[in-house]
Amino acid sequence: MLTLYHAPRSRSSRIVWLLEELGAPYTLKYVNIRRGDGSGAVDPANPHPHGKVPTLTDDGALIFESPAIALYLTDRFPDAKMGPPVGDHDRGAYLTWLAWYTGVFEPALTAKFLKVQHVYGTFGWAPFDDVLAYLSAAITKNPYIVSDRFSAADIIIGGSLPFLMGRVVPESDELKAYVTRITERPAYARARAKDSG
Ligand SMILES: N[C@@H](CCC(=O)N[C@@H](CS)C(=O)NCC(=O)O)C(=O)O
């Protein structure tokens, strides 16, 4: 049985969206988290080792870090075709984009937000402008991040854009069109309804 530990309007909202896309049976447990404005607190009911969300459990197995959860779920529910399976031509790109989100995109965003000067040869990610250009090129070449097929990579990466665009990420016509494309899906609307807490 899948349980998602979730805090509304947070990184776990994307996993609610993914579970809705998959049509997977799951229980949603709302938990408290520390918020950027200083409110909130670690919730003892949340099994995440750092008190964060998303946290997924599956019959006692603990899975955390958004890309790991996405990969776990799309492999576990292959019939939903939300991620290229092992042996598929697009599998490598899919894994790359999931790892890129966590290893490149988020650190580059954080560095930009904190106004940290990029240091080549020291940082394990590229400067923010390169990162954004790479993402913009991908969603201009194809309708979705990996290929012409929507996947969990669009939820993990694209799903962060409605919040980030106009804040840390500058708006562009390409990104706006892409966000509209992916958020017009019924599963997104269902997830938003559950996000209110
Ligand atoms: N790298 C993690 C980040 C998780 C994360 O930082 N989540 C935030 C919510 S958006 C959180 O739980 N913050 C509470 C805290 O830092 O204690 C992932 O992508 O899953």
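## Pockets and sheet of a predicted model

The largest pocket encloses about 1,600 Å³ of space. This value, like those that follow, belongs to a predicted model.

The lining of the largest pocket consists of 36 residues. Those that lie nearest the centre of the pocket are Arg9, Ser10, Arg11, Glu106 and Phe163. Several helices take part in this lining: α1 (13-22), α3 (91-113), α6 (161-164) and α8 (186-194) supply at least two residues each. Of these elements, α3 gives the most, with six residues. Because domain 1 (2-82) and domain 2 (91-187) both give residues to the lining, the largest pocket lies between the two domains.

The second largest pocket holds about 150 Å³ of space. Its lining is made up of Ala108, Ala111, Lys112, Val116, Gln117, His118, Trp125, Ala126, Pro127, Phe128 and Asp129. Two elements, α3 and α4 (128-141), give two or more residues to this lining. The largest share is that of α3, which provides three residues. Helix α3 thus appears in the linings of both pockets, as the largest contributor to the largest pocket and to the second largest pocket.

The table sets out the lining of each pocket by residue class.

| Pocket | Nonpolar | Polar | Charged |
|---|---|---|---|
| Largest pocket | 13 residues | eleven residues | twelve residues |
| Second largest pocket | seven residues | two residues | two residues |

The model also contains an open sheet of four strands, arranged in the order β2-β1-β3-β4 with mixed pairing. Strands β2 (26-30) and β4 (61-64) form the edges of this sheet; each has a single partner strand, and therefore one side of each is left without a neighbour in the sheet. From one strand to the next, the twist averages 20 degrees.

Within the sheet, β1 (residues 2-6) and β2 run parallel and are joined by five bridges. In this pairing, Leu4 has Leu28 of β2 as its bridge partner. Helix α1 packs on the sheet, where it touches β1 and β2. The direction of α1 makes about 150 degrees with that of β1. Helix α1 is also one of the elements that supply at least two residues to the lining of the largest pocket. The helix therefore links the two parts of this account, since α1 packs on the sheet and contributes to the lining of a pocket that lies between domain 1 and domain 2.

Definitions and conventions
Residues are numbered from 1 along each chain as its sequence is written. This is a predicted model: local features need pLDDT of at least 70, side-chain atom pairs count only at pLDDT 80 or more; totals for chains, interfaces and linings use all residues. Side-chain values use heavy atoms; hydrogens and water are left out. On a 1 Å grid over the protein atoms alone, a cavity is a set of points where a 1.4 Å probe fits but cannot get out, and a pocket is an open set with protein on both sides within 12 Å along at least five of seven lines; lining residues have an atom within 4 Å of a point. Grid points are joined across faces, edges and corners, and a volume is the space filled by probe spheres set on the points. Ala, Val, Leu, Ile, Met, Phe, Trp, Tyr, Cys and Pro count as nonpolar, Asp, Glu, Lys and Arg as charged, and the others, Gly among them, as polar. Domain bounds come from an automatic or database domain assignment. Two strands pair if DSSP finds at least two bridges between them. Axes are lines fitted to C-alpha atoms, for helices over the stretch in contact, and angles run from 0 to 180 degrees between N-to-C directions. Contact means heavy atoms within 4.5 Å.
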